[in-house]
Amino acid sequence: MIIDCHTHFWRYPGELTEELARETYIMRQQEVDLDITPEMHASAVAKADRAIVFGLRAPLTGFLTVNDTVAEYIRTDPKKLIGFAAICPTEDHALEEVDRAVQKLGLRGLKMSPIYGGWDPLDPRALKIFARAEELGLPIMLHQGTTYPRKAPLKYANPVLLEDIALRYPDLKMIIAHIGHPWEAEAIVLIRKQPNVFADISALFYRPWQYYNSLRLAVEYGVADKLLFGTDYPITTFDESVKGLHDVVKLSQEMRLPPLPEDLPAQILHRDTLGLLGLDDPASL
Ligand SMILES: [Zn+2]
């Protein structure tokens with residue numbers, strides 16, 4: 001079973017779309033359609049067996065997706081799609097929104113981002129959210145890594161900042177998106193010592209040198225089994241992500257450098273992500 005643990009769903013007209021489109025073009029060297037319809041998302045995850053879906057909530061950088069939009073989309077394929085609520089602790093009623101997202105919308109995890117939202121992971125408002133997520137068994141996908149908006153504070157972005165959260169809330173499941181790029185080494189040493197912290201490999205393949213080094217480091221530290229498959233759709237697609245993973249392994253075997261294990265793509269692609277995150281398979285609910 002292949003689980004794509006990192007896909008976005010949003011409708012995005014306006015200014016923000018332009019900035020995101022420009023930055024995405026710089027990263028991908030190709031046009032990416034960022035205004036996602038339910039049909040587009042469904043076709044993007046067609047080859048995945050299950051997909052985790054979320055928007056992004058970060059008023060500081062203009063991301064204001066609405067959790068109801070995700071929940072409505074999840075209802076179109078509830079045996080396959082798992083919705084996470086986008087939460088920004090700086091917003092009023094963020095804690096109430098967690099409860100509403102779970103009880104009323106049926107969402108089953110959270111998506112949070114200190115750098116996009118401009119908040120310290122140890123901010124008391126954030127700690128309340130982490131505590132509630134631990135209590136309710138909600139895994140949290142964290143964009144704990146860099147990004148492009150000028151106002152987004154890098155000082156809140158390093159994956160090591162999540163160590164205190166992992167110690168305070170030992171049962172809370174956290175996923176560091178994009179292996180915390182460009183701090184993959186920090187993400188790797190953190191997931192090595194914190195049993196409930198994982199990392200996803202989404203949106204890394206288009207920087208092949210960095211991708212090779214990140215995966216090789218994960219193998220050397222013995223944490224490749226904590227890497228989860230994700231695409232970061234719409235920034236990348238399923239096919240490109242799978243091919244990118246196979247290509248980096250092939251590249252490593254052609255270079256006169258320490259190779260990546262031949263079976264690494266199969267291991268990552270068939271990871272029991274739902275089991276690791278404590279999520280029941282939606283098909284069984
Ligand atoms: Zn993403």
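This section describes the overall dimensions, the sheet and one helix of a predicted model.

The protein contains twelve helices and ten strands. Along the principal axes, its C-alpha atoms fill a box of roughly 55 × 45 × 40 Å. For 285 residues, a compact globule would be expected to have a radius of gyration near 19 Å, and the value of 17 Å computed for the protein agrees with this. Buried positions make up 48% of the 285 residues. Among contacts with a separation of 6 or more, 76% join residues that lie 24 or more positions apart.

Eight strands form an open sheet with parallel pairing, in the order β1-β2-β5-β6-β7-β8-β9-β10. The edges of the sheet are occupied by β1 (residues 3–8) and β10 (residues 227–228), each of which pairs on one side only. Within the sheet, β7 (residues 140–142) is joined to β8 (residues 174–176) by three bridges in the parallel sense. Ile140 has Met174 of β8 as its bridge partner. Strand β8 also takes part in a helix–sheet arrangement, since helix α8 (residues 184–193) lies across β8 and β9 (residues 197–200). The direction of α8 makes an angle of about 145° with that of β9.

Helix α6 was examined in further detail. It comprises 13 residues, 124–136, and at 1.5 Å a residue it should span 18 Å; the separation of its end C-alpha atoms, 18 Å, agrees with that expectation. Four residues of α6, namely Ala126, Ile129, Phe130 and Ala133, are buried. Viewed down the helix axis, the buried residues of α6 fall within an arc of 100° and therefore line one face of the helix. Pro124 and Glu135, by contrast, are exposed and are carried on the face of α6 turned away from the buried side.

The buried residues of α6 pack against both helices and strands: the helical partners are α4 (residues 94–103) and α7 (residues 163–168), and the strand partners are β6 (residues 109–112) and β7. Strands β6 and β7 are neighbours in the order of the open sheet, and the buried side of α6 thus packs against elements of that sheet as well as against α4 and α7. Following α6 in the chain is Gly137, which has a positive phi, near 70°.

Key
Residues are numbered from 1 along each chain as its sequence is written. This is a predicted model: local features need pLDDT of at least 70, side-chain atom pairs count only at pLDDT 80 or more; totals for chains, interfaces and linings use all residues. Two strands pair if DSSP finds at least two bridges between them. Helices (H or I, at least four residues) and strands (E, at least two) are DSSP runs, numbered from the N terminus. Two residues are in contact if their C-beta atoms, placed from the backbone, lie within 7 Å. Axes are lines fitted to C-alpha atoms, for helices over the stretch in contact, and angles run from 0 to 180 degrees between N-to-C directions. The expected span of a helix is 1.5 Å times one less than its number of residues. A residue is buried if 20 or more other C-beta atoms lie within 10 Å of its own, exposed if 12 or fewer, and partly exposed in between; C-beta atoms are placed from the backbone. The arc is that of the directions from the helix axis to the C-beta atoms. The radius of gyration is taken over C-alpha atoms; the globule rule is 2.2 Å times the number of residues to the power 0.38.
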